[in-house]
Amino acid sequence: MNPSTEPTGRWLRLYTKLVAASTLFLIFAGAMVTSTGSGLAVPDWPLSYGMLMPPMVGGIFYEHGHRMIAAAVGLLTLIQAIWLQMREPRGWVRRLGWTSFAAVVVQGILGGITVLMFLPKPVSIAHAGLAQIFLCLNVAIAFFTSKLYPSLRERRATSGDLRLLTRALVAAVFVQMLLGAWMRHLGAGLAIPDFPLAFGRLIPPLDSVAVISNFLHRLGALGVVAVAAIAGVKIVREGERTLRAFWWTLAAMLAVQVALGALTVWSGRNEVIASLHVVTGAGTLAVTLVLALSAGIVGRGAGARKRGAGERGDGVSGVAATALPARGSARLRDYLELSKGRIVLMVLVTTAAGYWVGAERVELLLLVNLLAGTALVAGGTNALNQWWERDLDSRMARTRTRPLPAGRLGSRHALAFAVAISVAGTVWLAAAAGALAAALAFATLTSYLFVYTPLKTRTTWCTLVGAVPGAVPPMIGYAAATGAVDATSLSLFALLFAWQLPHFLALSWIYRDDYARGGFRMLSVSEGSGAAVGRQAFGWSVALLAASLLPVWLGAAGVAYLAAAIVCGSLLAAAAWSFARNLSMQSARALFLGSNLYLVAVMAFLVSS
């Protein structure tokens, strides 16, 4: 056997598992400190009331007990690093050991700062996040030193899609843990007092940071379950028994985690149940990491069968599957194309209009930050959509030259870029434009990617569904200006919603043959005569004319806008009528171009009125 893959000694293997298990126990102890509100029960650090061992009563039991467990885990981690240095032949595993020890040292310092600075929320959240990273390091060490690791390398290889999905699942669970930490350290665990509804509704009134953090945590749980389900379907189809076993373990843990979340609410946030919810989440992250590591190394050994381009699972040509990123300006152009810069520009126009309508006084710095964060989220959403549909894009003449189907970007690079700018944009909006604006942007991304995108190949209703996330940008701008969602904000949503229908129906008619080749269930594909396409385009243009009058009725726009909305709306309705009667390529292009001009003109008059 290759020495680089030979299992570590038995006792060291068992010891690494002990360290990983002790890390989970440490996370439970930390959760009990937060759940019982004992974070400042001991007000000094590193001693406790100037002593090594204070009386273990009340909150001191939880806080000082947490410190004792942390010190013990730190010692175990140091021994692990030394033992790996002496007995582990693989240098990268030895480095993992020392990285884990460095993490626990930093974690201890963060814990001390948390006490000395009286529980500052950013430090407390960082302390919670680093705990999960520390757990992942120790779980990875236990995995790479196990007997399972070399055996997996010699089995049948997994597809690139499955490896990407499992990594995305790890990221989703980790982000969910951070959302939970944010909610917990805000004291917002019961900000929404009922479950599964929220104040008896699907969407609660997003009128406070506490409610928003709680609701985002619930949405994050849905996102994790969705990604896990998609990965599960792929795992079952590929048939690797070890991956299937890990996935079923993960599914069971997710079920338990959801039940514990519900019990936390129903019990009025019982300390033990809330802490079990935290540690089960950490355990879920650990299982997800093992699943991703296993999927990543299956079939990578010297005896594994080499795969051709057709087995890479990217659904496109071998060139696309193995492509390296382009260099220099060409690479930059590819990333801009991946994020669909022209669509992002239209999103920014409507976002700025929403901000302008809501702002009593325009703050230039806030507006710049709003547009920057929105651009990142919008670009990330578009890039994630292209990554998801790269195999479908390769079938269509209009899209086969895009960076992914053409092979100018690799799918891993594209996914990493898309996730990075999406997360960066959401965080940027939360920090600079407010939690509500960030929540709306995040909802836009998730609904576009996980609702609209899958429906495009399943039902002609996808166009109507897709108009929902497309209508949210002005609400993001309005929320940044006012911190609210009200009737004026919803009127802007209605305007954008109605505008998208004739706009896209014209586009889908122009490219109906392409959409058919790609397998998309557009109305222009399913209804061959086009009569229904024309009727709907005209009907929605009339609805747009009516919706465009709402801002005037609500007092958000003046006479100049009213005149522009009537004139532009009437011209667009006339173009839609011509399209409905002729169903020609020329009339479809006229309607599509007219809809773009309409949006720019109406938004300009809206902000100037």
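Me: Is E337 buried, exposed or partly exposed, and how would I read that?

Reply: The general idea is to take the relative accessible area and set it against two cut-offs, since buried means under 20% and exposed means over 50%. In this structure, which is a predicted model, E337 has a relative accessibility of 33%, and therefore counts as partly exposed.

Me: With which residue does E337 form a salt bridge?

Reply: Side chains of opposite charge can pair when their charged atoms come close. Here E337 forms a salt bridge with R408, and the closest N and O atoms of the two are 3.1 Å apart. This pair links distant parts of the chain, because E337 lies in helix 11 (residues 328-338), while R408 lies in the loop between helix 14 (390-393) and helix 15, 71 residues apart. R408, at 29% relative accessibility, also counts as partly exposed. The bridge belongs to a network of salt bridges in which D334, E337 and R408 are linked.

Me: How many salt bridges does a search of the whole structure find, and which residue does E389 pair with?

Reply: The search of the whole structure finds 7 salt bridges. One of them joins E389 to K456, with the closest N and O atoms 3.0 Å apart. Here too the pair links distant parts of the chain, with E389 in the loop between helix 13 (364-388) and helix 14, and K456 in the loop between helix 16 (435-455) and helix 17 (462-470), 67 residues apart. As for accessibility, E389 and K456 are both buried.

Me: Where do R517 and D514 lie?

Reply: Both residues lie in helix 20 (residues 512-518), 3 residues apart, which is about one turn of the helix. Their side chains meet in a salt bridge, at 2.5 Å from N to O. When you read the accessibility of each partner, you find that R517 counts as partly exposed at 44%, whereas D514 is buried, with a relative accessible area of 6%.

Me: What span should helix 15 have, and what is the distance between its end C-alpha atoms?

Reply: The idea is to allow 1.5 Å a residue and then compare the result with the distance between the two ends. Helix 15 (residues 411-432) has 22 residues, so it should span 32 Å, and its end C-alpha atoms are 31 Å apart, which agrees.

Me: Which residues of helix 15 are buried, and which are exposed?

Reply: The buried residues of helix 15 are S411, A414, L415, A418, I421, S422, G425, T426 and L429. They cover an arc of only 145° around the axis, and therefore they sit on the same side of helix 15. On the other side of this helix, V427 and A431 are exposed. After helix 15 comes G434, whose phi is positive, near 110°.

Me: Which residues make the nonpolar surface patch?

Reply: The patch, of about 510 Å², is made by W45, V105, I109, I113, L116 and M117. Among these, L116 is found in helix 3 (residues 91-116), and at 47% relative accessibility L116 counts as partly exposed.

Me: How many helices and strands does the protein have?

Reply: The secondary structure comes to 25 helices and 0 strands. The radius of gyration of the protein is 27 Å, close to the 25 Å that the globule rule gives for 609 residues, so the protein is as compact as a globular protein of that length. Along its principal axes the C-alpha trace spans about 80 × 60 × 45 Å, and buried residues make up 51% of the 609 residues.

How values were computed
Residues are numbered from 1 along each chain as its sequence is written. This is a predicted model: local features need pLDDT of at least 70, side-chain atom pairs count only at pLDDT 80 or more; totals for chains, interfaces and linings use all residues. Side-chain values use heavy atoms; hydrogens and water are left out. Helices (H or I, at least four residues) and strands (E, at least two) are DSSP runs, numbered from the N terminus. The expected span of a helix is 1.5 Å times one less than its number of residues. Buried means under 20% relative accessible area, exposed over 50%, partly exposed in between (1.4 Å probe, protein chains only). The arc is that of the directions from the helix axis to the C-beta atoms. Patches are made of residues with over 30% relative accessible area and no salt bridge: like charges are joined within 9 Å, nonpolar side chains (Val, Leu, Ile, Met, Phe, Trp, Tyr) within 5 Å. Accessible areas come from the Shrake-Rupley method with a 1.4 Å probe; for residues, only the protein chains shown count as cover. A salt bridge is a side-chain nitrogen of Lys or Arg within 4 Å of a carboxyl oxygen of Asp or Glu. The radius of gyration is taken over C-alpha atoms; the globule rule is 2.2 Å times the number of residues to the power 0.38.
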